[in-house]
Amino acid sequence: MANSKVILVVLDGLGYGAATQELGYLEGMVQAGKASKWKVKTSLPSNSRPLYETIHTGLPPIEHGVLTNDIVRLSHCEHLFSICRAHDRTTAAAAYSWMSELYNHVPYDPVEDREQDDESRNIQHGRFYQKDDYPDFELFADAELLIRRHHPDFMLIHPMGCDYKGHVYGGSSDQYHKQASRADQILSTYMPAWLEKGYEVLVTADHGMDEKGWHGGTLEVVQHVPLYHVSSSPIQNDQDVVDQCAIAPTVLKLMGLPIPDQMKVAALNA
Ligand SMILES: [Zn+2]
C-alpha cells in the first residue's frame, strides 16, 4: 500500500447521515468488503475554508489560523501538496477557487488562475471554479481529464453540489439528498478505472449541513461527516469516530511519505 497514488474526493457539505442514506454505490462497496468507512468528527468552526486547511494540514483551525472563510491567504503550514512536491510527487486538483488561494496563488484571478499547469506550483495541474452552482458532473470531468493527462500522484477532487443545495434548500431537503445520490452515481462511473490504475481513493466531506441550510457550529448533522477508503486492501476500521485531523497523515501514509511533526493526530490504523 505504501507509495500508492491517492485520489482525495471532498464532497463539500455532505454530512454522515445523508451520505449513509444516499451513497448507495459506496455503501455497497463497504458491504462487499471493497471499501472501509469511518464517521469523522470535523474540527471547529465547521466552515469550509478553515476545514479545507484542516484536511490538508492535519491541524485544527485554532492552530493553522484560517479561522473564517474571510481569511484569504496562502497556507502558512506544511500541507499535502507542499509535502508531495518536496518529494517529487505530481499534484493536481479540480476544486473550488479557495483551494487555489490556499495553496497556489492569492488573490484568485478568475481568468489567469482558472486553468493552471505549472510544475513549480504546489498544485501543479489545477482546474478551478468560483460559482457554487458549478455542476458536479462538469467538475468530475475536469478532474478525470487531469488524471488521464498527468497521472498525478495526489489528486484532489472537490465538487460543491451538496453544499450549494444544502444552503438553498436545507440539509433534510429532497434536493440535498438527491444531490448526494448524484455524486455517488458519478463516482461509480469513474471509480473502477481509478482502481484499475492502482489509485487509493478517499471520499470525505469538509462539514455537513443542518436542516436550516447552515453549518459552522457543533450540531451532529454538521460535525459528523463520512470517510470512505476504496482500495484493493482497505484500511481496517478500528475506531468509532475519528478526528478530521487524521485525514492528512493517512494520505501521507498511503503515499509512503514522511508525516511532519506538526501533525499530532495519528494516521488511521497507524
Ligand atoms: Zn457551506
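The sulfur of cysteine 77 lies 11 Å from the closest cysteine sulfur, that of cysteine 245, which is too far for a bond. The model examined here is predicted. Cysteine 245 is likewise in no disulfide. A disulfide requires two cysteine sulfur atoms within 2.5 Å. A search of the whole structure returns zero such bonds. Cysteine 77 counts as buried, at 18% relative accessibility. Cysteine 245 is also buried, with a relative accessible area of 3%.

The model contains a zinc ion coordinated by Asp163, His167 and His215. Asp163 appears twice among the donors, each time through OD. Both histidines, His167 and His215, bind through NE2. Donor distances run from 2.1 to 2.6 Å. Along the chain, the donors of the zinc ion follow the spacing D-x3-H-x47-H.

Histidine 167 lies in helix H8, residues 161-169. Histidine 215 sits in the loop between strand S7 (199-204) and helix H10 (220-223). The histidine pair therefore ties together parts that are 48 residues apart in sequence. Accessibility was computed for each histidine. Histidine 167 is partly exposed, with a relative accessible area of 30%. Histidine 215 is buried, at 7%.

The geometry at the metal was then examined. The four donor atoms around the zinc ion subtend angles of 54 to 156°. Ideal angles for four tetrahedral donors are 109.5 degrees. A tetrahedral assignment requires all angles to lie between 85 and 135 degrees. The zinc arrangement is irregular because of its angles of 54 to 156°.

Terms used:
Residues are numbered from 1 along each chain as its sequence is written. This is a predicted model: local features need pLDDT of at least 70, side-chain atom pairs count only at pLDDT 80 or more; totals for chains, interfaces and linings use all residues. Side-chain values use heavy atoms; hydrogens and water are left out. Donors are N, O and S atoms within 2.8 Å of the metal (3.2 Å for Na, K and Ca); water is not among the atoms, so sites may look incomplete. Four donors count as tetrahedral if all angles lie between 85 and 135 degrees; four count as square planar and six as octahedral if opposite donors are over 155 degrees apart and all others between 65 and 115; anything else is irregular. Helices (H or I, at least four residues) and strands (E, at least two) are DSSP runs, numbered from the N terminus. Buried means under 20% relative accessible area, exposed over 50%, partly exposed in between (1.4 Å probe, protein chains only).
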